[in-house]
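The following questions and answers are intended for a student who is learning to read a protein model. Please examine the sequence and the structure before continuing.

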Amino acid sequence: MNSTTLFSQTPPVRLFFLASLPGAVSMLASSLYQLIDGVFVGNFLTPTAFAALNLAMPFVIINFSLADLVGVGSSVPISVALGQGDRKLANNIFTSACILIISAGAVMGAAMFAAAPFLIGMMGAEGEFAALAVQYLRTYAVCSPFTTILYAVDNYLRISGYIRGSMFLNILMSVLCAGFEFLFLGVFGWGIWASAAAASLGMFICVVLAFIPFVRGRALLHFVRPRITGRILRQIVACGSPSFLNNIAGRITSILMNLFLVRLGGELAVSVYGVLMYVEGFIQPLMYGMCDSLQPAVGFNWGAGKFSRVRAIEKCCFAAAAAISLVSAALIALAPGPITLLFLPDADGAALAMGVGALRVFALTYLTRWLSFATQSYMLAVEKALAASVISVATALVFPVGLLAALWPLGLEGLWANFPATSALAAALALVILRRERPALTRPDLP
């Protein structure tokens, strides 16, 4: 079944299972590797190395941010162009985006490599703690021109109908990254830089494999002589801004959190915060995998004027996000001790108590997290970039930073409470936006 038939004719519930479940499996494989990465560093290296990894991680994600802007920002107009039957425009956006992503990876990588010592020192880290964080960040920076395009090409595969191929590619990436990391850390005994090198090598191999259908001309999208116009750049920036702003705003928040954590609790507090981020890094990709995998179908039908079909697909997306989020809240609340020990195997009584307390508060986040997440994905898929950006920036920066100041007098407990409070405010904002956009979202189908 080609992607046009799949997106336009498959019943919405069946389409949900055909498209979103492989997407969820893909993201699950990726999130499992992220968990394994933390477990390997926590068990094969020192507690200082684990803390350094978590201190550097916000900057690693910022390093990927421009590539992610172009990758996500190009996927929506490509899907809409295909829905309108304009394959020439879709191919030009695809080709232009690939060139822009590689260029952005080179620019951001060079900037991060040069700025790494300053950025880590700015966080208040010193000595071995700072040196290990710089090693980790610089390794990712060197490799970024060859790795940052991975998640974009994953979107292009799904748009071209290679949904299972995308899933298997993500599974392969996780297996390769985990295998290389075990070899580098567990067998060769290399340092924290090898953790970043293992991930980069696995991603690069998968980038090469992912582009084979496009290079051989077998995919729906084809490489053409690029014509990068101002209109295309504006489309990419508009559609990619919510994801980009979420990345940047979220990392700014993480950097501020780490600044407070280093001063309030030192390396241990940073490590506990890292545990929370690894748990989030497992749950959020599942919701993202389901919602993001449906974006090509939503964008295609939106472009074709089949608005009732868009609404039916999105109902599945909201229901799945709610189920994942609520089950996650229950699991975190029931097993905070084992989760803490998974990443901090040598945690003593005080460290374990800190981790358990933080996770119990953190579990409340997922009572409401699904609503803002699914709404942001919906707004982005139907080209409501401003609404998606408002949710993104408010969730990742405005609410948590405002609460950081408000809850500061409570110490570490206030920092942990920041997460569920932010989620509740974001859910309220999502309801307001859904109500405001209701006339556009409930319009009848075009003839």
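Q: Is asparagine 92 buried or exposed?
A: The model is predicted, so local features need pLDDT of at least 70 and side-chain atom pairs count only at pLDDT 80 or more, while totals for chains, interfaces and linings use all residues. Residues are numbered from 1 along each chain as its sequence is written, and side-chain values use heavy atoms, with hydrogens and water left out. Buried means under 20% relative accessible area, exposed over 50%, and partly exposed in between (1.4 Å probe, protein chains only). Because asparagine 92 has a relative accessibility of 12%, the residue counts as buried.

Q: Which residues is asparagine 92 in contact with, leaving aside its neighbours within four places in sequence?
A: Asparagine 92 is placed in helix α5, residues 87-122; helices are DSSP runs (H or I, at least four residues), as strands are (E, at least two), numbered from the N terminus. Contact means heavy atoms within 4.5 Å. With neighbours within four places in sequence set aside, the contacts of asparagine 92 are Val224, Arg225, Pro226, Arg227 and Ile232.

Q: Why is there no bond between the sulfur of cysteine 316 and the closest cysteine sulfur?
A: A disulfide is a pair of cysteine sulfur atoms within 2.5 Å, and the structure holds zero disulfides. Cysteine 316 is buried at 15% relative accessible area, and cysteine 317 is buried at 1%. The closest cysteine sulfur to that of cysteine 316 belongs to cysteine 317, and the two are too far apart for a bond because the distance is 8.7 Å.

Q: How many Å apart are the closest N and O atoms of aspartate 154 and arginine 158?
A: An α-helix has 3.6 residues a turn, so residues three or four places apart point the same way. Aspartate 154 and arginine 158 are four residues apart in helix α7 (residues 150-159), and therefore about one helical turn separates them. Both residues are buried. They form a salt bridge (a side-chain nitrogen of Lys or Arg within 4 Å of a carboxyl oxygen of Asp or Glu), and their closest N and O atoms are separated by 2.6 Å.

Q: Which residues are linked in a network of salt bridges?
A: Lysine 384 and glutamate 437 form a salt bridge with closest N and O atoms 3.7 Å apart. Lysine 384 is in the loop between α15 (369-381) and α16 (385-407) and glutamate 437 is in the loop between α17 and α18 (438-441), so this pair ties together parts 53 residues apart in sequence. Glutamate 437, which is buried at 12% relative accessible area, also meets the side chain of arginine 436 in a salt bridge of 2.8 Å, N to O, and arginine 436 counts as exposed at 52%. The network of salt bridges thus links Lys384, Arg436 and Glu437.

Q: Which helices do the buried residues of α14 pack against?
A: Helix α14 comprises residues 349-363, and its 15 residues reach 21 Å from the first C-alpha to the last. The expected span is 1.5 Å times one less than the number of residues, and the value for α14 is close to the 21 Å expected. Its buried residues include Ala351, Met354, Leu359 and Phe362. The buried residues of α14 pack against α11 (230-303), α12 (307-334), α13 (336-343) and α17 (412-436).
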